[in-house]
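Hi,

Here is the structure I promised to pass on. Have a look at it, then read my notes on the sheet below.

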Amino acid sequence: DLADYLSDEDFDPRVATPPPDFSKLVIFDGLPNSGKFKKPSKLKRFVEKFLSQLAEVVNVEVQLEADGETAAGAAIVEFKTAEMALEAVNNPQANGTEFQGRVFQLNLLKDMDKYEEMSEE
């Protein structure tokens with residue numbers, strides 16, 4: 001029973017948890033994932049440094065290959081505001097930049113449903 005695991009201090013159903021703000025999230029695809037960038041920690045620092053030139057980055061989650069240890073060449077990036085996320089996506093110095101034979105692609109996470117629907121048609 002769930003009630004056995006929660007104390008009154010842990011959970012109060014009267015307190016509403018705000019929904020996450022997906023408008024601040026960007027999918028950064030086309031990242032290098034070979035050489036030194038195979039390590040997620042190296043790729044995370046690269047993404048933070050690169051995108052921090054454009055706007056304030058709050059968090060970077062590097063996507064991993066099935067082995068759970070190798071960077072997959074994509075990351076989910078959280079910016080401080082939705083406006084900053086949109087600026088990064090629309091910035092030609094970031095979106096479309098070629099680096100180590102790969103082309104950076106930045107998309108708002110909230111727009112990804114639109115792309116999935118297009119691929120199903």
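First, the terms: helices (H or I, at least four residues) and strands (E, at least two) are DSSP runs, numbered from the N terminus, and two strands pair if DSSP finds at least two bridges between them. This is a predicted model, where local features need pLDDT of at least 70, side-chain atom pairs count only at pLDDT 80 or more, and totals for chains, interfaces and linings use all residues. Residues are numbered from 1 along each chain as its sequence is written, and side-chain values use heavy atoms, with hydrogens and water left out.

Now the sheet. It is open, with four strands in the order 2-3-1-6 and antiparallel pairing. Strand 2 (57-64) and strand 6 are the edge strands, each pairing on one side only. From one strand to the next, the twist averages 25 degrees (axes are lines fitted to C-alpha atoms, for helices over the stretch in contact, and angles run from 0 to 180 degrees between N-to-C directions).

Two helices pack on this sheet. Helix 2 (residues 40-52) touches strand 1, strand 2, strand 3 and strand 6, contact meaning heavy atoms within 4.5 Å. Its direction makes about 140 degrees with that of strand 2. Helix 3 (residues 82-90) touches strand 1, strand 3 and strand 6, and its direction makes about 145 degrees with that of strand 6.

As for strand 1 (residues 25-29), five bridges join it to the antiparallel strand 3 (residues 71-79), where Ala 75 stands opposite Phe 28. Strand 1 also pairs with strand 6 (residues 105-108) over four bridges, again antiparallel, and there Val 26 stands opposite Leu 108.

Cheers
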